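Please open the model in the viewer and keep the selection panel at hand. The stops below proceed from the whole chain to single elements.

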Amino acid sequence: VGVNRSLAVTFREAGHILGSSMLEIDARESGRTMRIVFTGDLGRSDVPILRDPYRVTRADVLIIESTYGGRTHNPMADVRDALAGFISSVARKKGKVIIPSFALGRTQRIVYELHALTKEGLIPPMPIYVDSPLAVSATEVFKRHPECFDDEMNALLERNDDPLGFSRVQYVRKVEESKKLNRMHGPMVIISASGMCEAGRVLHHLKNNISSRRNGVLIVGYQAENTLGRRIAEGEKRVKIFGDLYRVRARVRVFDEYSAHADSDELLEFARAIRRVPARTIVVHGNEEQSLALGRRLTEEGFRNVTVPLDGETIGL
């Protein structure tokens, strides 16, 4: 896209959520062209549904995210086994698995995974509810854009095996239907927004289920500091929901591997694909600990002029 005579922007596949892009910005000045690459939220490689992130091979300035700049994810085969074991153990107690999930991207990935685990007989058949009007709408958008899917997803669709709408998944829009879920008995899985438990219908499901040992809470995404999701993930014994304290008796498991953000190794692999070391690398979009950790790894890899800017700092290029 030509912005003006001296600036052009190319959008590249970021592999984070449907439609997400990284930016290649070519800036021309005094007869010289500088390429600035801004990753935005960078997705993971070799995960279902979406295509892998585009591999950039040239950047004079690299601006790279660092959500998991100092952390690596466990192998997905191990994670799937642990996930199946957790869900099966809750099902044996006829409990409910509550999964706080972002409406776009994370919900569809979890539905895909549950579909696969059910087909493979790794979890028992049970009702699965997606209780989020936004997630329901987002799933419909997913289905309209198969051009964004990877080969594995398209192969499933060609066989009429729809992993986003298989028969056990019920998509809930109406408030009355959402309320009924709290009066129903398990086993069942409820996927609901918001992903960090700060708003939305998931708060009602947590309020009604977090104090029972039969139930489980599954954390499948990044939880920012000072959010309810972070407090649950860190194992607090009492949490406040709608102003009231609730004892956390439900089993809680955290699977960061289902996050749509690349981990430290994947970020480094992305940066290594650039054929000539950028003149400058700027590490952004992560808490201080994660950003500094990625900055150190990049420096050790031979990247020069690596900067982790302070909040509000301006950097001239």
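How much area does the protein expose, and what share of it do carbon and sulfur atoms supply? The protein exposes about 15,400 Å², 48% of it supplied by carbon and sulfur atoms (Shrake-Rupley method, 1.4 Å probe). This is a predicted model, in which local features need pLDDT of at least 70 and side-chain atom pairs count only at pLDDT 80 or more, while totals for chains, interfaces and linings use all residues. Residues are numbered from 1 along each chain as its sequence is written, and side-chain values use heavy atoms, leaving out hydrogens and water.

Begin with the C-alpha trace of the protein, which spans about 70 × 45 × 35 Å along its principal axes. Of the 317 residues, 50% are buried (under 20% relative accessible area, 1.4 Å probe, protein chains only).

Next, colour by secondary structure: the protein has 9 helices and 15 strands (DSSP runs, H or I of at least four residues for helices, E of at least two for strands, numbered from the N terminus).

Now select the open sheet of 6 strands, ordered β8-β7-β9-β6-β10-β13 with parallel pairing (pairing requires at least two DSSP bridges between two strands). Its edge strands, each paired on one side only, are β8 (169–172) and β13 (251–254).

Within the sheet, select β6 (residues 96–100) and β9 (residues 188–192), which pair in the parallel sense over 5 bridges. P100 has S192 in β9 as its bridge partner.
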